[in-house]
Amino acid sequence: MCARTFAKVGFALALIAPGTAVPQDGQPPFGDDTDTTYAETLWSALTEASLAGEEAIQAKPYEGTEPHGAVLQTLWTDIEVEGQEGMVVVKRNYGPAGISIEEVANNPGDSLASVTVMFRREEGYAPESGNWFWAKYLPDGSLDQTPEGVPLAGQATGCISCHSEAEGGDFLYTMDSQS
């Protein structure tokens, strides 16, 4: 279902001017300068906490699901970003299709396709989406983009619409599988 959501979002974005994003339910557009600057600060905090980058802590890989990747690693903890502590969920997305869990376990750097992150910001940031800030990074820490060139950071419509279906109203599928 999420793959369809992303396809719909991609089609909707193609209908608007490049460099803008579609707001959802009155939310501000994502991928603006404020979002990209915050995403850069978040990446630095992730790297410092060894959750991203070349020296990142490794987790046990497992079979992935769309839209993330064929094999995934997921970590979550609390970190501090710009003086605000919050929960962060880091999902490392490996591909291409057909890659094995064993290949990722043995050489995780060889097949890392992207790193998707949810960081719970301060109360009032985005209450309709659990105050989560969303970002999708390429392995080098630069932000991935929509086909129209909009950076995937902030209140990313596709992320929110998919994760809003998670049980418990917390936008977290990871925690559902842990109970």
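A charge is taken to sit over an aromatic ring if NZ of Lys or CZ of Arg is within 6 Å of the ring centre and within 35 degrees of the ring normal. In this predicted model, Arg-121 lies over the face of Tyr-125, at 4.3 Å from the ring centre, and the charged end of Arg-121 also sits over the ring of Tyr-38, 3.8 Å from the centre of that ring.

## Overall layout

The chain contains five helices and six strands, and its elements follow one another from the N terminus in the order α-α-β-β-β-α-β-β-β-α-α. Of the 179 residues in the chain, 46% are buried.

## Charges and aromatic rings

The two rings that Arg-121 covers, those of Tyr-38 and Tyr-125, belong to a cluster in which ring pairs link Tyr-38, Tyr-125 and Phe-133. Arg-121 takes part in a salt bridge as well, with Glu-122 as its partner and 3.5 Å between the closest N and O atoms. Arg-121 has a relative accessibility of 16% and therefore counts as buried, the cut-off being under 20%, whereas Glu-122, at 33%, counts as partly exposed.

The salt bridges come to two in number. Besides the bridge between Glu-122 and Arg-121, there is one between Asp-144 and Lys-136, whose closest N and O atoms are 3.4 Å apart. Asp-144 is buried at 18% relative accessibility, while Lys-136 is partly exposed at 25%.

The structure holds four aromatic pairs. One of them joins Trp-43 and Tyr-137, with 4.7 Å from centre to centre and 45° between the planes, which is a tilted arrangement. This pair connects distant parts of the chain, for Trp-43 belongs to helix α2 (residues 33-48) and Tyr-137 to strand β5 (residues 132-137), 94 residues apart. Both rings come from buried residues: Trp-43 has a relative accessible area of 12%, and Tyr-137 has a relative accessibility of 1%.

## Second largest pocket and contacts across the sequence

The second largest pocket has a volume of about 180 Å³ and a lining of 14 residues, among which Gly-53, Glu-54, Ala-56, Gln-58 and Leu-112 lie nearest its centre. Strands β3 (84-94) and β4 (112-120) each contribute at least two residues to the lining of this pocket.

Glu-54, listed among the residues nearest the pocket centre, is separated from Gly-109 by 7.9 Å between C-alpha atoms, although the two are 55 residues apart along the chain. Gly-109 is found in the loop between α3 (101-106) and β4 and is exposed, with a relative accessible area of 64%.

A further separation concerns Val-89, which is placed in strand β3 and is buried at 5% relative accessibility. Val-89 and Leu-51 are 38 residues apart in sequence, and their C-alpha atoms are 9.5 Å apart in space.

## Backbone geometry

Most residues other than glycine have a negative phi, and most peptide bonds are trans. Against that background, the model contains the cis peptide bonds and positive phi values listed here.

| Feature | Residues | Angle |
|---|---|---|
| Cis peptide bond | Glu-66 and Pro-67 | omega about 5° |
| Cis peptide bond | Gly-95 and Pro-96 | omega about 10° |
| Positive phi | Glu-82 | phi near 50° |
| Positive phi | Phe-171 | phi about 70° |

Each of these sites can be placed in a loop. Pro-67 belongs to the loop between β1 (62-63) and β2 (71-81), and Pro-96 lies in the loop between β3 and α3. Glu-82 is found in the loop between β2 and β3, while Phe-171 lies in the loop between α4 (157-163) and α5 (173-178). With regard to accessibility, Glu-82 is exposed, with a relative accessible area of 56%, whereas Phe-171 is buried, with a relative accessible area of 8%.

## Cysteines

The structure holds zero disulfides. Cys-159 is in no disulfide, and the nearest cysteine sulfur, which belongs to Cys-162, is 8.3 Å away; because a disulfide requires sulfur atoms within 2.5 Å, this separation does not qualify. Cys-159 itself is partly exposed, with a relative accessible area of 24%.

Methods
Residues numbered from 1 in each chain as written. Predicted model: local features only at pLDDT ≥ 70, side-chain atom pairs only at ≥ 80, totals over all residues. Heavy atoms only, no water. Salt bridge = Lys/Arg side-chain N within 4 Å of Asp/Glu carboxyl O. Buried < 20%, exposed > 50% of the residue type's maximum accessible area, 1.4 Å probe, protein only. Phe/Tyr/Trp six-rings, centres within 6.5 Å; stacked < 30°, edge-to-face > 60°. Helix = DSSP H or I, 4+ residues; strand = E, 2+ residues; numbered from the N terminus. 1 Å grid on protein atoms, 1.4 Å probe; cavity = no way out; pocket = protein on both sides within 12 Å on 5 of 7 lines; lining within 4 Å. Points joined across faces, edges and corners; volume = space filled by probe spheres on them.
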